Protein chains: 2
Amino acid sequence: MREGHLCQLLGMNCNTPTDICFSFTGFQARGGLTDHHTDGWGIAFFEGKGVRLFLDPLSSIQSPIADLVKRFPIHSKNVVSHIRKATKGGVSLENTHPFRRELWGQDWVFAHNGTLSDYSPALNGNFLPIGDTDSERAFCWMLQEMRQEFGYNRPSFEMLFESLSKMALAISAYGPFNFLLSNGERMLAHSSTQLSYLVREAPFSHAHLKDQDVDVDFKDLTSVSDRVAIIATQPLTDNETWIEMPPGNLWWFEDGELRKVSKTAHPPPKI
Amino acid sequence: MREGHLCQLLGMNCNTPTDICFSFTGFQARGGLTDHHTDGWGIAFFEGKGVRLFLDPLSSIQSPIADLVKRFPIHSKNVVSHIRKATKGGVSLENTHPFRRELWGQDWVFAHNGTLSDYSPALNGNFLPIGDTDSERAFCWMLQEMRQEFGYNRPSFEMLFESLSKMALAISAYGPFNFLLSNGERMLAHSSTQLSYLVREAPFSHAHLKDQDVDVDFKDLTSVSDRVAIIATQPLTDNETWIEMPPGNLWWFEDGELRKVSKTAHPPPKI
């Protein structure tokens with residue numbers, strides 16, 4: 001199994017609404033041009049409390065919607081994107097990530113990279129999958145467990161984070177479970193086999209895409225207080241320092257910076 | 001109050017996946033060109049069990065996403081669209097119709113035309129609004145009541161229809177409650193003050209838009225077995241016979257034809 005041939009994740013978490021055009025350009029190229037991810041793609045942009053969700057079972061290189069996303073600069077503080085290589089579940093709109101559900105009056109958005117084997121948790125009916133992927137099933141189970149544990153009032157994010165890091169570990173027993181999860185305020189990233197991140201902040205410099213010969217100078221596009229965290233299955237640029245996220249931890253990003261790493265599996269790296 | 005200055009609804013229910021480009025062209029013109037609906041718009045396309053949902057708080061005439069929808073022929077058996085004139089709730093993505101929730105492992109999509117006054121039903125937390133419109137509140141309440149009445153297994157659609165027609169009537173006591181509701185298999189339309197529909201079937205002929213000088217000959221675009229029901233706040237064409245839907249009833253469309261009209265308020269018209 002070559003990981004490069006599985007799904008790819010891309011997440012962005014910022015302290016000010018930012019467009020993802022540059023990173024999406026490199027990411028999109030992996031949907032059929034420089035890599036073999038041809039079973040659909042999707043991207044979710046939080047905008048205030050709302051979400052714009054674009055899904056397409058077509059390869060992202062063929063998709064007119066991907067073209068729109070690349071050219072139309074949607075500004076967002078939290079973005080979750082996914083390019084899919086189908087392993088469980090057919091190629092269809094309902095099996096296309098990111099998935100989305102409402103809990104506690106907030107939209108939650110989830111995308112997963114990896115394949116879970118023999119994963120069929122008991123679902124009580126509060127959150128049920130629409131498609132037939134292992135990923136949506138895992139998402140529904142996590143929402144169900146959050147509702148079960150905390151009831152109808154949202155707890156502190158600290159408590160949620162603790163709870164979710166245990167769930168992530170439990171699900172990882174069924175197979176690779178790299179995921180991105182956001183409620184529009186925070187971004188959680190779980191590295192189970194492969195995930196990297198970087199934080200861009202002042203002084204900004206230029207960055208060069210790995211997958212296409214595109215260069216951008218962030219100095220021209222940012223203000224000095226901007227801070228942006230990018231999380232991706234594989235580094236997207238070849239002249240910046242990406243931090244590999246060791247397997248087994250849940251990572252909490254907020255306002256473009258790393259806030260916390262779970263202690264459940266491995267000793268956390270220094271923040 | 002001139003109804004023409006409130007929101008506009010557009011629904012399509014077909015027996016075979018059909019694109020809505022023609023009707024959407026006329027409908028979109030009402031978002032700022034021939035009418036005063038400038039507080040956003042949205043459209044949901046069912047595709048299998050999945051939904052493509054495009055939302056934009058911008059006026060539909062300015063929106064690059066509306067432009068994509070108009071030119072990119074997405075084929076669907078159930079489409080719900082809405083152009084908004086904000087009456088309750090600010091102009092934002094989370095207040096933009098259609099709204100969407102999962103119930104019984106199906107996506108449900110809802111759009112509302114009208115304004116409810118002093119409407120604050122008790123919500124138990126199973127379905128909570130993300131934005132602050134009366135419309136999303138009504139949608140959440142209906143889902144909650146369906147779950148409450150029928151539990152975790154979806155009942156027959158007959159039973160759902162009976163139940164929803166009573167709910168629609170109860171909510172109408174708070175103000176105009178024209179709505180479209182679909183689970184991807186059927187389309188329900190509730191006329192509370194203003195709604196019309198027509199069914200296009202063989203022999204097909206040409207149709208001419210009211211709001212723009214656009215003409216289409218459906219003979220060239222359809223096969224003889226196609227059947228399409230279009231439901232709209234106001235007739236979209238000026239050379240076809242639209243049927244006005246008298247206030248107080250819930251209408252059930254399936255496979256492009258009218259299946260049933262509720263008997264709760266007024267004597268139903270002959271089908």
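Is Arg186(B) buried or exposed? At 17% relative accessibility, Arg186(B) counts as buried, because the cut-off for that label is under 20%. That residue opens the set of close-ups below, all taken from a predicted model.

**View 1. Arg186(B) and its surroundings in chain B.** Arg186(B) sits in the loop that runs between β7 (178-182) and β8 (187-191) of chain B. Its side chain has a polar contact of 3.1 Å with the side chain of Glu185(B). Another polar contact, at 3.0 Å, links the side chains of Arg186(B) and Glu254(B). Setting aside neighbours within four places in sequence, Arg186(B) touches Asn13(B), Asn78(B), Arg154(B), Phe157(B), Leu181(B), Trp252(B), Phe253(B) and Glu254(B). So Glu254(B) turns up both in that contact list and as a polar partner of the arginine, and Arg186(B) itself is buried.

**View 2. Helix α2 of chain A against helix α2 of chain B.** Here we're looking at residues 64-71 of each chain, packed at an angle of about 165° with the axes 11 Å apart. How are α2(A) and α2(B) oriented to each other? They are roughly antiparallel, since angles over 145 degrees get that description. The crossing of α2(A) and α2(B) is right-handed. On the chain A side the contact involves Pro64(A), Ile65(A) and Leu68(A), and these meet Pro64(B), Ile65(B) and Leu68(B) in α2(B).

**View 3. The two chains and the rotation that relates them.** Turn chain A by 180°, with 0.0 Å of shift along the axis, and it lands on chain B with an RMSD of 0.0 Å. That is the relation of a two-fold axis. The same surface is used by both copies, as 100% of the contact residues of chain A recur in chain B.

**View 4. Helices α3 and α4 of chain B.** Helix α3(B) covers residues 134-150 and α4(B) covers residues 157-172; their axes come within 11 Å and cross at roughly 140°. That makes α3(B) oblique to α4(B). Their crossing is right-handed. From α3(B), the contact draws on Ala138(B), Trp141(B), Met142(B), Glu145(B), Met146(B), Glu149(B) and Phe150(B). Facing them from α4(B) are Met159(B), Leu160(B), Ser163(B), Leu164(B), Met167(B) and Ile171(B).

**View 5. Helix α1 of chain B, residues 21-29.** How many of the 9 residues of this helix are buried? The count is 9 of the 9, so α1(B) is largely enclosed by the rest of the structure. Buried residues in α1(B) include the aromatics Phe22(B), Phe24(B) and Phe27(B). Cys21(B), Ser23(B), Thr25(B), Gly26(B), Gln28(B) and Ala29(B) are buried there too.

**View 6. Cis peptide bonds ahead of Pro98(B) and Pro203(B).** Most peptide bonds are trans. The bond from His97(B) to Pro98(B) is cis, with omega near -5°. Pro98(B) belongs to the loop between β4 (75-83) and β5 (99-103) of chain B. Ala202(B) and Pro203(B) are also joined by a cis peptide bond, with omega about -5°. For Pro203(B), the setting is the loop between β9 (196-201) and β10 (206-208) of chain B.

**View 7. Positive phi at Trp104(A) and Asp118(A).** Most residues other than glycine have a negative phi. Trp104(A) has a positive phi, near 55°, and is found in the loop between β5 (99-103) and β6 (106-113) of chain A. Asp118(A) has a positive phi as well, near 50°, and its place is the loop between β6 and α3 (134-150) of chain A. As for accessibility, Trp104(A) is buried, with a relative accessible area of 9%, whereas Asp118(A) is exposed, at 70%.

**View 8. Thr222(A) and Thr18(A) side by side in the frame.** Thr222(A) lies in the loop between β11 (215-217) and β12 (227-232) of chain A. With a relative accessible area of 25%, Thr222(A) is partly exposed. How far apart are Thr222(A) and Thr18(A) in sequence and in space? They are 204 residues apart in sequence and 9.0 Å apart in space, C-alpha to C-alpha. For context, 70% of the contacts in chain A between residues at least 6 apart in sequence join residues at least 24 apart. The chain has 4 helices and 15 strands, and buried residues make up 62% of its 271 residues.

Technical notes. Residues are numbered from 1 along each chain as its sequence is written. Chains are lettered from A and ligands numbered from 1 in the order in which they are written. This is a predicted model: local features need pLDDT of at least 70, side-chain atom pairs count only at pLDDT 80 or more; totals for chains, interfaces and linings use all residues. Side-chain values use heavy atoms; hydrogens and water are left out. Copies are superposed by least squares on the C-alpha atoms of residues with pLDDT of at least 70 in both. Contact means heavy atoms within 4.5 Å. Helices (H or I, at least four residues) and strands (E, at least two) are DSSP runs, numbered from the N terminus. Buried means under 20% relative accessible area, exposed over 50%, partly exposed in between (1.4 Å probe, protein chains only). A polar contact is a pair of N or O atoms within 3.5 Å; within protein, one must be able to donate a hydrogen and the other to accept it, and residues adjacent in sequence count only if both atoms are side-chain atoms. Axes are lines fitted to C-alpha atoms, for helices over the stretch in contact, and angles run from 0 to 180 degrees between N-to-C directions. Angles under 35 degrees count as roughly parallel, over 145 as roughly antiparallel, 65 to 115 as roughly perpendicular and the rest as oblique. A crossing is left-handed if the near helix is turned anticlockwise from the far one by less than a right angle, and right-handed if clockwise.
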